[in-house]
Amino acid sequence: MPQLSADDAARLRDDLAGWTVDAVEAVVGDRAARALGREQITPALMAARDAGADRHALLTRLFVLGDVLSDADLSTALPALTADGAARTGLVAMTDGAGRALVQLSPHAAADGDVQVDWWVPSDPREAITGRAVQPDHVLGVGGASTMLASVTVRRPVGRVLDLGTGCGIQALHASLHADQVVATDISRRALAYARLSEAINRPALREAAWDMREGSLLEPVEGEAFDLIVSNPPFVITPPGAPRFEYRDGGLEGDAVVETLIREAGAHLHPGGIAQFLGNWEIRGDWTSRLETWLDASPVPLDAWVIQRDALDAAEYAETWLRDAGITPERDAERFRDAYETYLRAFDATGVEAIGFGAVLLRRPMHGSPTLRRLEEHEGALPSPLGPHLAASLDAHDWLAQTSDEALLDAALTVAPDVTKETYGRPLLVDPEHLLLRQGGALGRSIKADTALAGFVGACDGELTAGQIAHALAALLDVPAGTMVGGLVPAIRDLVRDGFLIR
Ligand SMILES: C[S@@+](CC[C@H](N)C(=O)[O-])C[C@H]1O[C@@H](n2cnc3c(N)ncnc32)[C@H](O)[C@@H]1O
């Protein structure tokens, strides 16, 4: 594993300055950038090689595409660290006057408020570069799940954050922008070495956040400690006995027990008001929510819970996905692929697993009193990024609603959110539409069926009149008793406030 002194890290940083996500795209072009997203490196290699001695092109070839650089090109790419420094620190292996990177180093852009920060995230080179199936102790770079977790994380200034299963350290990097201390844990010593490298390279962009890295499984390394935020993109993949296992995706427990453990145990490690957010897979037999409800009920610390299931794959789809991820493909080894595929299907069939759900879990230890939130829902569509601000606003709205009587709600002047549109459906010849839909452009992109009264209510929410005044005016207009109108509207208004259609 590469080891960088503070001086070497500063030299490397000088060399990487300006080599950002945009710079890589500028070198390789749109077509190659899209191909990279499909794990195809050939178009990017062609473009970067064609760019000759351009420093960003050389860095892209070296650290993103795994290309071999001559000694002279290495010196151009790394003028401060130098080719010798890159070899001495273990970043590059030299053979016959040419060097190949031993780590993948990928630029990553994040938002710090309105300001963009650029990081470089080290990891093991991915399969597209090495051409070989990954090893069991492979340390992943930033992937789709990493960015999804980063996107959904509720980011508020906090004291202590736990990044469980830190890997390349990407969640810890994000947490550094709003935390005083980040405890980053991993069962893998190699992963922790990468996380240390991440910290060393990116230190000036991490504000003053202190990193504390600890080796150990799940919550063991933080026994007796509490946090304001726990984030984890854990090793949640469900691997049947006998199928190939990988440290980065299998937590060493059976079935979906990693997610169960986090749901049962995370609450005890949260300060009052603290939030835990993680991704996971869960086995589905019948209704997907019942298994998660059982785990939530088993937490010794009663918790608010919001689970968003993003996807559900049947056992065959799941097996194909994770066998491909492991580099076990019919093209490489047809017999091994068939055997492993059968192992998955037989194991799922034997335990009655009909499908495997994937989603994001948010747990919150109530600041005072008992939990008030238990929401398990499905959302398969695209999500805006970042989604965390919407989740935070929705939690705030939920808390306000929980302590607001119907009378107080009717006294509030509400405003329809700017991203809400009204859609009407019906046969062209009908004067009145058969269906009215209120649709959210941002957030979770929800749509709500509305009747004339509700659509009229939302249409009148301009922040001037109170909800009660609008409800009474509608009652008169539609010739409905005021009590009936108010009684019918209040539950719907609560839902609309909670989900961000209406703003206080
Ligand atoms: C999917 S990777 C996530 C890496 C990174 N946090 C991210 O968001 O991309 C899961 C990480 O969990 C680690 N891990 C595996 N089993 C673990 C366990 N039982 N306890 C803690 N970490 C574990 C792996 O080594 C790996 O670094």
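## A three-stranded sheet, S1-S3-S2

Let's start with the open sheet whose three strands come in the order S1-S3-S2, with antiparallel pairing. Strand S1 (69-70) and strand S2 (92-95) sit at the edges with a single partner strand each, so one side of each has no neighbour in the sheet. Keep in mind that this is a predicted model.

Where S2 meets strand S3 (residues 98-101), the two pair in the antiparallel sense over four bridges. Val92 is placed opposite Ala101 in S3. Helix H4 (residues 55-64) packs on this sheet and touches S1, S2 and S3, with its direction at about 65° to that of S3.

## The S4-S5 hairpin

Next up is a hairpin. Strand S4 (residues 104-112) and strand S5 (residues 115-123) run antiparallel and are joined by nine bridges. For a handle on the register, take Ala110: its bridge partner in S5 is Val117.

Two residues lie between the strands of this hairpin, and Gly113 takes a positive phi there, near 65°. What joins strands like these? Strands of a sheet pair through backbone hydrogen bonds, either parallel or antiparallel.

## Another open sheet, S15-S16-S17

Further along there's an open sheet of three strands in the order S15-S16-S17, and its pairing is antiparallel. The edges here belong to strand S15 (420-425) and strand S17 (447-450); each has a single partner strand, so one side of each is left without a neighbour in the sheet. On average, and ignoring direction, neighbouring strands in this sheet are turned by 25° against each other.

Strand S16 (residues 435-440) runs antiparallel to S17, and four bridges join the two. One pairing to look for is Leu438 with its bridge partner in S17, Ile448. Helix H17 (residues 452-459) lies across S15, S16 and S17, and runs at about 120° to S17.

## Around the ligand

Now for the ligand, which is surrounded by 19 residues; the closest are Ser146, Gly165, Gln171, Asp186 and Leu218. By type, the residues of this shell split into six nonpolar, 10 polar and three charged.

Which atoms of the protein lie close to the nitrogen and oxygen atoms of the ligand? An N or O atom in the side chain of Ser217 is 2.9 Å from a nitrogen atom of the ligand. From the backbone, an N or O atom of Ile187 lies 3.4 Å from a nitrogen atom of the ligand. The side chain of Asn233 has an N or O atom 3.1 Å from an oxygen atom of the ligand. As for burial, the ligand has 590 Å² of accessible area on its own, and the protein covers 96% of that.

## Two backbone details in loops

Two spots in the backbone are worth a look. The peptide bond from Ser385 to Pro386 is cis, with omega near 5°. Pro386 has its place in the loop between strand S13 (374-378) and helix H15 (388-402).

The other spot is Glu39, a residue other than glycine with a positive phi, near 65°. You'll find Glu39 in the loop between helix H2 (21-37) and helix H3 (42-50).

How values were computed. Residues are numbered from 1 along each chain as its sequence is written. This is a predicted model: local features need pLDDT of at least 70, side-chain atom pairs count only at pLDDT 80 or more; totals for chains, interfaces and linings use all residues. Side-chain values use heavy atoms; hydrogens and water are left out. A residue is near a molecule or strand if one of its heavy atoms lies within 4 Å of it. A polar contact is a pair of N or O atoms within 3.5 Å; within protein, one must be able to donate a hydrogen and the other to accept it, and residues adjacent in sequence count only if both atoms are side-chain atoms. Accessible areas come from the Shrake-Rupley method with a 1.4 Å probe; for residues, only the protein chains shown count as cover. Ala, Val, Leu, Ile, Met, Phe, Trp, Tyr, Cys and Pro count as nonpolar, Asp, Glu, Lys and Arg as charged, and the others, Gly among them, as polar. Two strands pair if DSSP finds at least two bridges between them. Contact means heavy atoms within 4.5 Å. Axes are lines fitted to C-alpha atoms, for helices over the stretch in contact, and angles run from 0 to 180 degrees between N-to-C directions.
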